[in-house]
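Got your viewer open? Here is a short tour, one selection at a time.

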Amino acid sequence: AGRCGGGRAARGRGGPGRAGQEGRGLRAAQAGLRAPPGRILLRIRRVWFQMFDGHNGAAAAVYAKERLLANVLGCVPAHLTRDEWLAALPRALVAGFVKTDKDFQTRAHSSGTTVTLVIIDGSVVTAASVGDSRCVLEAEGSIYYLSADHRFDASGEEVGRVTECGGEVGRLNIVGGAEIGPLRCWPGGLCLSRSIGDQDVGEFIIPVPFVKQIKLSSAGGRLIISSDGVWDALTAEMAFSCARGLPPEAAADQIVKEAVDAKGLRDDTTCIVIDIIPPEKPKSTIHSRKKARNGFSLLKNIFIRKRTSDTLSRADTERTSEPDLVEEVFEDGCPSLLRWLDSEYPVRNMFKLFVCAICQVELESGQGISIHEGLSKPGKVCPWDGPFLCHSCQEKKEAMEGKRPSRDSSSRNSGSSE
């Protein structure tokens, strides 16, 4: 079973819709099984939560809220077993994020948004994120970080990637040449290296998420998903500590209160708390006989009891011999679409031959462009090996890699997007 709660102190500069949270899968599951309010059952296979912290307007956050999940699920092949579905999910998340960003570009909005999407399938938690909202897990007395911080100040590798792709990263210049504030990408002045939207900054601000998948032990755990207004004020340890022992809704409110009390209300401060609770163990249904009718029946009864007891003991030993620990199944924050879409990573033959691996549009024979085109990997792959991209998704891929001119934008020397 599980419980969730959410708290919010403000929506921030972007106005209504700047930050959002989605628990529709949870609410639908509750309605379907008539579970008590605030609880879910682990036999309900999949629930999801989303958080969006928008900037420069609400359009990107609202669009991603409405389209992202459907785009991700549309990239998962049909007719998979549960294990195959979970193995295919990380790459489908990447394709879904990129498709959402690509489609949003056609709307010619300059807003952008961070995204944190968490999908819970039984005991397996998969998180994908771009931007600086974070998802953290406390389980078995340890804290696990399920997202990465895509601020330029937090990653020299991201600074190098954006610079190599033609972007300029630096601090805001003021009169006299002094530099102030966090590292930003120019033009545009965005603090983030990854987001959805932000057309006025450049294609090198990519939508490829950091993805992590973790399997919980039978003890379950607590998830916190929060926007940067929380994490600018609290560490993960502080957030879990201040809310320990509280139910999820009260815990989320307490975390928001602690963050606002610590640094004031300077940015969106939104929090979702989800408790993943193990199911109750079923009671034993084996009952001993109260009375034997004769000697033979007594001997038979003793023999059956001993054999049953031995069988149960062996089963218990087998169950307890398996380590019941938190398992980190998958983690990757690689910015390269080529690596994510490669047919051997992480699940072979995931993509249909004549469907674009990103936008899922059907391709006519000879129309698709192999992701391996232009690469020299003797003996490994050929230009006609899939997966394939449609023309517009190939352009998107090349622009993200700095191989095509980025979107035109004028420099904003004294403004910023985040």
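**Stop one: Phe210**

Select Phe210 and skip anything within four places in sequence: what remains in contact (heavy atoms within 4.5 Å) is Ala127, Ala128, Ser129, Leu146, Ser147, Ala148, His150, Arg194, Glu331, Asp332 and Gly333. Before going on, note that this is a predicted model, where local features need pLDDT of at least 70 and side-chain atom pairs count only at pLDDT 80 or more, while totals for chains, interfaces and linings use all residues. Residues are numbered from 1 along each chain as its sequence is written, and side-chain values use heavy atoms, with hydrogens and water left out.

Phe210 sits in strand E11 (residues 210-215); strands (E, at least two residues) and helices (H or I, at least four) are DSSP runs, numbered from the N terminus. Is Phe210 buried or exposed? Buried, at a relative accessible area of 9%; the cut-offs are under 20% for buried, over 50% for exposed and partly exposed in between (1.4 Å probe, protein chains only).

**Stop two: Asp332**

Hop to Asp332, one of the contacts of Phe210. Asp332 is in strand E14 (residues 327-332) and is buried too, with a relative accessible area of 7%. Show its polar contacts (N or O atom pairs within 3.5 Å; within protein, one must be able to donate a hydrogen and the other to accept it, and residues adjacent in sequence count only if both atoms are side-chain atoms). The Asp332 side chain reaches the backbone nitrogen of Cys334 at 2.8 Å, and a 3.2 Å polar contact links it to the side chain of Arg339. Val211 is 121 residues away in sequence from Asp332, yet their C-alpha atoms are 5.5 Å apart.

**Stop three: the core**

Now colour the largest nonpolar core (buried Ala, Val, Leu, Ile, Met, Phe, Trp, Tyr and Cys residues joined through side-chain atoms within 4.5 Å). It has 44 residues, and Leu93, Phe97, Leu117, Val208, Leu337, Ile358 and Leu389 touch the most other members. Elements giving two or more residues include H2 (59-74), H3 (82-105) and H10 (391-400). Which helix gives the most? H3, with 9 residues.

**Stop four: H2 against H3**

Display these two helices: their axes come within 8 Å and cross at roughly 140° (lines fitted to C-alpha atoms over the stretch in contact, with angles from 0 to 180 degrees between N-to-C directions). Residues meeting across the pair include Tyr63 and Leu68 in H2, and Leu93 and Phe97 in H3.
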